[in-house]
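Student: Could you take me through one helix of this model in detail, with the cut-offs behind each term?

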Amino acid sequence: MISTLINPFIRRNLKILEMTGVLMRIGSFSLVSWLGPNSPFMFVWIVNTTDAVLLTWCALLKRDSAYTLLNAFWILIGVVGIARAAGLFH
């Protein structure tokens, strides 16, 4: 299974990966804040969803249920954002 290969890497680099995820989220929301309606929404939602996956995985390995729930919620929000940016529904 892929998690048996990835989990040791994530555990060894947990702090760096968490900081990367947090910086990705700050960057994506800053872009929307600065550019408003001219934001590249598909890019923003892909980055936001990717950081949510990364942060959820880290939270799961740390057995942090609050942050696991929070970031798993952001994965769902990201999927909806990607679908809307792709024009799948309005």
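Tutor: What follows is a close look at helix H3 and its surroundings. This is a predicted model, in which local features need pLDDT of at least 70, side-chain atom pairs count only at pLDDT 80 or more, and totals for chains, interfaces and linings use all residues. Residues are numbered from 1 along each chain as its sequence is written, and side-chain values use heavy atoms, with hydrogens and water left out. Helices are DSSP runs (H or I, at least four residues), numbered from the N terminus. The 22 residues of H3 should span 32 Å at 1.5 Å a residue, and its end C-alpha atoms are 31 Å apart, which agrees; the expected span is 1.5 Å times one less than the number of residues. After H3 comes Arg63, whose phi is positive, near 60 degrees.

The buried residues of H3 (buried means under 20% relative accessible area, with a 1.4 Å probe and protein chains only) include Asn48, Asp51, Leu54 and Cys58, and the buried residues of this helix pack against helix H1 (2–12), H2 and H4. The largest nonpolar core (buried Ala, Val, Leu, Ile, Met, Phe, Trp, Tyr and Cys residues joined through side-chain atoms within 4.5 Å) has six residues, namely Ile10, Leu14, Leu17, Leu54, Cys58 and Leu61. Helix H2 (14–35) and helix H3 (41–62) each give two or more residues to this core, and H3 gives the most, with three.

Asn71, in helix H4 (residues 65–85), counts as buried because its relative accessibility is 5%. Leaving aside neighbours within four places in sequence, Asn71 is in contact (heavy atoms within 4.5 Å) with Arg25, Ala52, Leu55 and Thr56.

Conventions:
Buried means under 20% relative accessible area, exposed over 50%, partly exposed in between (1.4 Å probe, protein chains only).
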